[in-house]
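Student: I should like to learn how to read the features of a protein model. May we look at one together?

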Amino acid sequence: MYRALTVFDLDDTLLNADKQIAPANLAALTALRANHVLPAIATGRDRFEIQDVMQTGSFDTIVSANGADVFAHGQQLFENPIHPTTLQHLRDWTTRHHVSLALSNHDGIRLNHADDLVVTNYHRIHRPLPPIQAALTTSAPISKALVFLADHGRGAELEADLRATFSDLTFYRNSDVCIDIVPAGTTKASGIQVLQQDAELKGVPVYTFGDGHNDVPMLKAATVGIAMGSAATDVQAQADYVTDRFDANGIVHALQHFNLIN
């Protein structure tokens, strides 16, 4: 039986500026497990994208695609794909407006074309560009789509139209160049609820760590929601506790504060 569940966002939370788990955070993960606390990841990324992080941090419990995909102890526990009809309408919308679109699941990702926004996005997260497939035809379930729109000018106008057009989708702007798209109502909090059905996690306190707007649902739903000191002010306002910055041992300090590690 676990004492607690700790759930970590990745970028600007568990990971450093080089997109690696800092040594102090690695040591904290080891200490958590020694104290019978289960560490898990909750991320907007898909599982295939973070195999290196999973291996380095010895993670086997993952909420990915902003809650649309849940994996634990070698098993796929949950997948909530975008409905095929909605997906086709989304393809048509991006084609009509000449917008770059990527479709992904836990196995991989495909992109219709790579514009400057796409190149900027993948450079920032230290990942290669996805394979290009102009038609983006697929028979596999798609847990997440990404559209590449700037957060100003024409991009902002198109974003407003996109959100108004697709009421059956949830949108998370993850940067000034990219928006994650999942089925309506899908959140990191809903993914964590799937994990909590495990007999060893029922009734245990949940501590969540995050910095972004897509982290707000899990910060609010947790027993203790912890915002990083580098998070935006409105994200911090939704948390129960604000720790130090991600690059100033914020995770370690919060875990110590709540007596999860020594």
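Tutor: Certainly; please keep in mind that this is a predicted model. Let us begin with the largest pocket, whose lining has 11 nonpolar, 8 polar and 12 charged residues by class.

Student: How many residues line the largest pocket, and which lie nearest its centre?

Tutor: The lining of the largest pocket consists of 31 residues, and those nearest its centre are Asp11, Ile125, Asn174, Ser175 and Asn214. The volume of this pocket is about 660 Å³.

Student: Which helices and strands each supply at least two residues of that lining?

Tutor: Among the contributors at that level are helix 1 (10–14) and helix 5 (116–124), together with strand 8 (144–148) and strand 9 (169–173).

Student: Let us turn to the sheet. In what order do its strands stand?

Tutor: The open sheet is formed by 8 strands in the order 5-4-3-2-1-11-12-13, with mixed pairing. Strand 5 (75–79) and strand 13 (241–242) are at the edges; each has a single partner strand, so one side of each has no neighbour in the sheet.

Student: How many bridges join strand 1 to strand 2?

Tutor: Strand 1 (residues 4–8) and strand 2 (residues 37–42) run parallel and are joined by 5 bridges. For example, threonine 6 has proline 39 in strand 2 as its bridge partner.

Student: What does helix 2 touch on the sheet?

Tutor: Helix 2 (residues 23–34) packs against strand 1 and strand 2, and its direction makes about 135° with that of strand 2. Helix 7 (residues 188–195) also packs on the sheet, where the strands touched include strand 3 (61–64) and strand 11 (206–210). The direction of helix 7 makes about 150° with that of strand 3.

Student: How is a pair of packed helices described?

Tutor: One gives the angle between the two axes and the distance between them. Here, the axes of helix 2 and helix 10 (residues 250–257) come within 9 Å and cross at roughly 30°. Helix 2 is therefore roughly parallel to helix 10, as angles under 35 degrees are counted in that way.

Student: Which residues make the contact between helix 2 and helix 10?

Tutor: Helix 2 contributes Ala24, Asn25, Ala28 and Leu32, while helix 10 contributes Ile251, Val252 and Leu255. By class, this contact has 6 nonpolar residues, 1 polar residue and no charged residues.

Student: Finally, how many residues lie between strand 6 and strand 7 in their hairpin?

Tutor: The hairpin has 2 residues between strand 6 and strand 7. Strand 6 (residues 100–105) and strand 7 (residues 108–111) run antiparallel and are joined by 4 bridges, and alanine 102 stands opposite leucine 111 of strand 7.

Technical notes:
Residues are numbered from 1 along each chain as its sequence is written. This is a predicted model: local features need pLDDT of at least 70, side-chain atom pairs count only at pLDDT 80 or more; totals for chains, interfaces and linings use all residues. Side-chain values use heavy atoms; hydrogens and water are left out. Two strands pair if DSSP finds at least two bridges between them. Contact means heavy atoms within 4.5 Å. Axes are lines fitted to C-alpha atoms, for helices over the stretch in contact, and angles run from 0 to 180 degrees between N-to-C directions. On a 1 Å grid over the protein atoms alone, a cavity is a set of points where a 1.4 Å probe fits but cannot get out, and a pocket is an open set with protein on both sides within 12 Å along at least five of seven lines; lining residues have an atom within 4 Å of a point. Grid points are joined across faces, edges and corners, and a volume is the space filled by probe spheres set on the points. Ala, Val, Leu, Ile, Met, Phe, Trp, Tyr, Cys and Pro count as nonpolar, Asp, Glu, Lys and Arg as charged, and the others, Gly among them, as polar. Angles under 35 degrees count as roughly parallel, over 145 as roughly antiparallel, 65 to 115 as roughly perpendicular and the rest as oblique.
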